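Student: Could you take me closely through a single part of this model, the place where the two chains meet, and then set it beside a few other local features? I would like one connected account rather than a list.

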Amino acid sequence: MRRTRSAAALAAVVLALTAACSPGEPAASGAGQPVSGGSLTWAVETEPITFNPHQYAQAKARLLVWNTFEALLTHDDKGGHLPWLATGYETSPDGRTYTFKLRTDVSFTDGTRFDAAAVKANVDQFAVEGYNPTVAAVQLRNLDRVEVIDPATVAFHLERPDVLLLDFLSSPQGAQVSPKSLKEAKNLKAGGPELAGTGPFVLDRYTAGQEVHFTRNPAYQWAPANAGHTGPAYLDEITYRFLKEPSVRVGALTSGQVQVIEGVPATDEALITGNDRLTFARGLNSGSAYSYYFNTAHAPFDDIRVRRAFREAVDVDAVLQGVYRGSATRAWSVIGPTSPFYDKSLEKTYGGDAAEANRLLDEAGWTTRDADGFRTKDGKRLTVRLVQSAPFVRDRRDVLAQAVQAAVKQSAGIDLNVALVDQGAATQALADGAYEVFDNSRADTDAGAALNLLLHSAGAINRTGVKDPELDRLLEEGQASTDQAARNGTYQRVQRLTVTDQALILPLYAPADQVAAAATVGGLGFEPTAGVPGSAYHLWLGK
Amino acid sequence: MIGAVARRAGSGLVVLWAAATAAYLALLAAPGDVVDSIIGDGADSPQIRAQIIAEWHLDRPAVVQYLDYLWRAAQGDLGRSYLLQRPVRDVIGDQLAPTVRLAVAAAVFGVVLALILAVVTRGRWARRVSSTAELVLVSTPPFLIGIVLLSVFSFRFGMFPVSGDRGWAALVLPAVTLGLPIAGVLTQVLRDGLDRALDEPFAVTARARGLTERSVLVRHGLRHSLLPAVSLLGWLFGALIGGSVIIEQVFGRPGLGQVTLQAVSGSDMPVVLAVVVLAAAAFVVVNTAADLAYLIIDPRLRRS
């Protein structure tokens with residue numbers, strides 16, 4: 001009696017569990033030629049905190065921005081800029097005025113026409129108190145005013161020459177939002193369906209914590225020259241689902257519930273590359289490499305020998321292999337290897353020499369050892385502190401820190417003290433100078449913008465404490481010059497000065513994005529220069 | 001009667017105020033300040049800081065900000081989220097329904113499963129197997145239960161969709177994940193209560209009146225064993241709210257859990273305070289319901 005009843009209960013549970021529908025398996029063929037139509041679901045790691053491109057601050061959210069919004073220029077893959085909503089630009093001889101000719105056939109999806117007044121309205125919006133103080137203080141610090149010359153011509157007047165204006169006008173923050181939305185949106189800074197752009201898709205539905213949905217903009221006719229095709233997008237609609245757990249994203253892809261995922265952990269790569277119904281691609285990001293910056297403001301890293309010793313004490317290749325299983329690309333410079341400014345001659349010029357590390361530390365007076373095997377000087381242990389802010393730790397950087405910690409202890413007796421703390425405590429430690437190592441990578445499309453923040457004596461993220469007039473001069477020169485070859489030379493000198501001569505930095509790896517997809521998805525790729533997954537404009541679903 | 005209701009409402013308000021104040025003080029005591037959390041890991045300069053301070057009126061003394069907050073909260077204005085730049089009322093309003101759906105489904109599943117298990121597994125072996133399973137469920141992190149259920153029922157057999165708040169099919173796995181540990185605890189309490197009730201003299205009397213073992217169990221025993229279970233309602237509520245943080249993360253569901261997690265890690269004070277006040281209010285309601293449930297279950301309490 002009892003047994004049958006429990007069996008019945010079990011059957012009821014099983015019945016309830018199996019009652020739901022079962023999603024179909026995707027076909028195993030390749031994507032073939034581009035075809036129009038269809039809807040696609042893409043699982044992404046990060047839910048943007050805002051959909052207003054002017055408020056953009058998360059590199060992981062970049063792939064969503066260009067679906068709805070577009071900028072005056074876009075990046076090519078050689079460090080230059082291509083026309084997009086602008087048809088071209090001219091620079092005045094003194095480098096202080098940039099004049100843009102605009103397309104005249106473009107409308108925002110709310111019906112507003114795109115013209116010079118719209119460009120001015122977008123840039124002027126940054127002058128509104130509290131709208132985006134960071135952009136106002138960094139990207140637009142040299143801007144004097146924007147002038148509407150005629151509906152198809154707009155001029156940017158600068159207080160001093162600043163080639164980074166072009167980078168700004170190719171960036172999400174420089175994207176064009178309908179002036180009508182700027183005036184009328186209730187939650188302007190949060191963005192969402194009420195903000196109209198000119199892009200190939202319209203953001204029509206956002207369910208916080210779950211997904212964001214885009215439908216095709218049928219009137220779209222103004223793709224940039226490097227987009228690969230013209231006219232409206234292939235897909236009818238695309239849904240980006242927010243799945244924060246890497247294993248859940250991978251499972252959703254392998255079971256056919258989503259067609260594309262972004263952010264594939266190194267441990268799951270083999271699962272995808274070994275499956276011929278799936279494709280996998282990796283793109284290296286632009287900007288600065290993920291690096292350790294040495295705080296030169298106080299001991300022990302005020303001594304260049306100790307900085308060099310720390311670098312020699314780490315076998316970066318071995319550490320990366322251990323943590324990322326060969327899926328990480330080693331960095332040799334503060335600038336990422338895909339940047340046109342990257343100085344290849346720095347490769348294999350330092351690092352991984354334990355004997356040299358020990359010689360340098362002996363020379364610097366850290367000759368004695370304590371009971372735990374760490375080096376000491378005048379009874380003080382050779383301790384350096386790395387403070388990581390937990391909300392911003394990604395790519396297993398906490399595990400990487402532990403591997404570096406073990407390496408420097410074993411090969412040179414350096415005590416790397418790693419603390420994983422909340423954002424408030426991390427900011428406090430930085431403000432108090434209670435750190436010797438600072439870790440950071442930046443995804444700026446123009447690496448010069450990252451170096452300005454990180455290395456200039458007045459930089460907003462200068463954590464090395466370096467104040468070098470020669471370095472400042474070089475950085476200012478790189479920002480002012482409009483000549484690409486001259487900029488290359490300038491930034492190569494910056495790299496040699498900071499990486500080789502002063503050993504301010506231990507570059508570790510080049511940040512990357514990974515995309516995996518069903519083989520039926522065509523057009524997957526990475527954005528030129530930025531190196532992050534591209535927008536949905538290029539995607540199609542093969543039959 | 002009216003006096004009793006007024007007393008309840010009054011003590012409820014005190015609980016709300018105390019919860020809001022405690023949360024406020026806790027965030028105030030945490031290292032770093034609001035400006036730090038708004039800046040995040042981006043560019044940081046005195047000029048940027050000054051603008052943020054001006055925008056959010058952070059230059060006023062903490063006491064003034066606190067009183068201002070209370071005053072506006074009393075009028076139903078919960079402020080704006082620092083991180084999301086939207087009114088807190090919208091942020092929470094959008095996310096309330098999915099969490100309530102998840103919590104109710106999980107609670108119903110957990111309670112029903114516990115009742116069935118407690119009544120069905122009376123035999124020696126069934127009891128042993130069930131007890132072991134309950135213990136395993138109670139001590140397994142919900143995160144792991146969720147991943148295992150997903151791997152089997154979603155990724156392997158494709159029976160349920162992995163994510164979102166999209167119809168009943170998407171609710172099953174999250175609700176089961178959240179409900180299983182609850183069923184684990186409740187079954188143990190119910191079984192204990194049943195054992196004790198069936199040893200009581202009234203059970204002997206009932207049997208002597210010729211009632212079947214089953215009706216003794218269900219009509220008399222269960223009623224007695226419900227009393228200790230009902231006193232767990234407060235705990236149940238806490239388990240649902242706390243568990244939803246992890247469940248929503250794993251299953252990509254919208255909901256208050258995600259909002260809370262993001263708000264706490266970003267020191268998004270207005271959102272944290274609103275969530276705390278909301279949870280406290282729900283807690284007051286749940287405990288009042290529990291008190292009423294006692295009266296329904298146990299007629300002796302009605303007389304006194």
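**The interface between chain B and chain A**

Tutor: Between chain B and chain A the count of salt bridges is zero, and this, like everything that follows, is a statement about a predicted model. Polar contacts do occur across the interface, where five residue pairs, both partners at pLDDT 80 or more, are counted between chain B and chain A. The side of chain B that touches chain A draws two or more residues from each of several helices of chain B, namely H2 (34–39), H3 (46–56), H5 (88–120), H7 (142–156), H8 (167–199), H11 (233–251) and H12 (256–265). Of these, H3(B) supplies the largest share, with seven residues. Sorted by class, this side of chain B holds 25 nonpolar, 18 polar and 13 charged residues, so charged residues are present there although a salt bridge, which requires a side-chain nitrogen of Lys or Arg within 4 Å of a carboxyl oxygen of Asp or Glu, is not found between the two chains.

As for extent, 56 residues of chain B are in contact with 50 residues of chain A, and the area buried between the two chains is about 4,300 Å², with carbon and sulfur atoms giving 59% of that figure.

Salt bridges are counted elsewhere, since a search of the whole structure over all chains finds 41 of them. One joins the side chains of A:Arg249 and A:Glu45, at 3.9 Å from N to O. This pair links distant parts of the chain, 204 residues apart, with A:Arg249 in helix H7 (residues 246–254) of chain A and A:Glu45 in the loop between strand S1 (39–44) and H2 of chain A.

That same helix H2 of chain A (residues 62–68) gives the most to the lining of the largest cavity, with three residues. The cavity has a volume of about 140 Å³, and among the 15 residues that line it, A:Thr50, A:Phe51, A:Asn52, A:Ala61 and A:Val65 are the closest to its centre. Its lining divides into eleven nonpolar residues, four polar ones and no charged ones.

Two points of backbone geometry in chain A complete the account. The peptide bond from A:Ala299 to A:Pro300 is cis, with omega near 0 degrees, and A:Pro300 is placed in the loop between strand S13 (290–294) and helix H9 (304–313) of chain A. A:Lys348, a residue other than glycine, has a positive phi near 60 degrees, and lies in the loop between strand S14 (329–330) and helix H11 (354–363) of chain A.

Conventions: Residues are numbered from 1 along each chain as its sequence is written. Chains are lettered from A and ligands numbered from 1 in the order in which they are written. This is a predicted model: local features need pLDDT of at least 70, side-chain atom pairs count only at pLDDT 80 or more; totals for chains, interfaces and linings use all residues. Side-chain values use heavy atoms; hydrogens and water are left out. Contact means heavy atoms within 4.5 Å. Buried area is the accessible area (1.4 Å probe) that two parts lose on being put together, summed over both. A polar contact is a pair of N or O atoms within 3.5 Å; within protein, one must be able to donate a hydrogen and the other to accept it, and residues adjacent in sequence count only if both atoms are side-chain atoms. Helices (H or I, at least four residues) and strands (E, at least two) are DSSP runs, numbered from the N terminus. Ala, Val, Leu, Ile, Met, Phe, Trp, Tyr, Cys and Pro count as nonpolar, Asp, Glu, Lys and Arg as charged, and the others, Gly among them, as polar. On a 1 Å grid over the protein atoms alone, a cavity is a set of points where a 1.4 Å probe fits but cannot get out, and a pocket is an open set with protein on both sides within 12 Å along at least five of seven lines; lining residues have an atom within 4 Å of a point. Grid points are joined across faces, edges and corners, and a volume is the space filled by probe spheres set on the points.
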